[in-house]
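Please prepare a short report on the pocket, the nonpolar core and the aromatic rings of the structure shown here.

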Amino acid sequence: KLIYRGEIDAALLGRSYLGDVKKFTASMPATINQMIAARPATTPIDREQELVAWGAALKGGTQQASGNFPFWVGNYMVHRKGGQAGDAGSYMFSVVMGNDAMGATDDFDDPPKLFHASSGLLFARTAGTEYALDARKRWDWHALPGLTEELRTDAIPGDAHADQIDGSAYAGMASDGVRGFAAMHYRPADTQTYASARADKAWFFPGDEAIALGSGIARRAAGQGRAILTTLDQTRWAGNLTYSIGGGAQTTVTQGAALDQ
């Protein structure tokens, strides 16, 4: 459920965010065979044939999963359809949240990057390469997909491995296996001055779509005084885009137009 078109979800990579996970998943079928070959003859492996079949599907590009999957202990939800090679109708969404029990991901890089790894993100994939290694090397780590925050231009602080969103206990989800939703109170810790915003955030997956809602968005720290934005990824542009800023007039961008904003 966490692997889409040969890529493990970038939301879960932790300190491996600059590692080539494509090679990791490609080696899984051989690792499965090695594990089975190394066992004593008297040692059974539960669901062995299912494991072998999954490894073969991963190797052959036919590995897929469909449904809504809540990993509630880790504040993580997957909503996806298919994923095998050549399937034009497949997609994968994932939401990753944090609270006072499950906070930021470890980051020992210098300069650090994972400050907002669990600040309420929504990842969207169709091709499967949207968050591949070459993309992650070029990311602006102040504006991860789905984040509601001030778009700062200064360096992320050196204590990025510390939990910056432990100001609220609330992050939760519900699912019937087909549809689901997740919600959180984004509340940076009172002692955290680099995170400038607070917000109530929710994500709904009623079918072949993701709906992201935000309310109560407000400034909680001076920061740099720059605009508080919500970043959203749209990886399959199938129609016109319409937006409104501050409740003003709607602006429509026709499909295929060049964008640099």
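## Pocket, core and aromatic rings

By class, 19 nonpolar, twelve polar and seven charged residues make up the lining of the largest pocket, where Ala, Val, Leu, Ile, Met, Phe, Trp, Tyr, Cys and Pro count as nonpolar, Asp, Glu, Lys and Arg as charged, and the others, Gly among them, as polar. The model is predicted, with local features needing pLDDT of at least 70 and side-chain atom pairs counting only at pLDDT 80 or more, while totals for chains, interfaces and linings use all residues. Residues are numbered from 1 along each chain as its sequence is written, and side-chain values use heavy atoms, with hydrogens and water left out.

The largest pocket (an open set of points on a 1 Å grid over the protein atoms alone, where a 1.4 Å probe fits, with protein on both sides within 12 Å along at least five of seven lines) has a volume of about 1600 Å³, a volume being the space filled by probe spheres set on the points, which are joined across faces, edges and corners. Its lining, meaning residues with an atom within 4 Å of a point, comprises 38 residues, and Thr230, Thr231, Leu232, Asp233 and Gln234 lie nearest the centre. Among the strands (DSSP runs of E, at least two residues, numbered from the N terminus), S11 gives the most to this lining, with seven residues.

The largest nonpolar core (buried Ala, Val, Leu, Ile, Met, Phe, Trp, Tyr and Cys residues joined through side-chain atoms within 4.5 Å) has 42 residues, and those with the most contacts inside it are Val95, Met97, Ala182, Trp203 and Phe205. Strand S5 gives the most to this core, with five residues. Leaving aside neighbours within four places in sequence, Ala182 is in contact (heavy atoms within 4.5 Å) with residues including Met77, Val95, Met97 and Trp203.

Rings of Phe, Tyr and Trp (its six-membered ring) pair if their centres lie within 6.5 Å, and planes under 30 degrees apart count as stacked, over 60 as edge-to-face and the rest as tilted. By this rule there are ten aromatic pairs. The rings of Tyr131 and Trp139 have centres 5.9 Å apart and planes at 50°, so this pair is tilted. Both belong to one aromatic cluster with Tyr17, Phe123 and Trp141.

The table uses relative accessible area, with buried under 20%, exposed over 50% and partly exposed in between (1.4 Å probe, protein chains only).

| Residue | Relative accessible area | Class |
|---|---|---|
| Tyr131 | 5% | buried |
| Trp139 | 22% | partly exposed |
| Ala222 | 60% | exposed |

Ala222 lies in the loop between S11 and S12.

Terms used. Helices (H or I, at least four residues) and strands (E, at least two) are DSSP runs, numbered from the N terminus.
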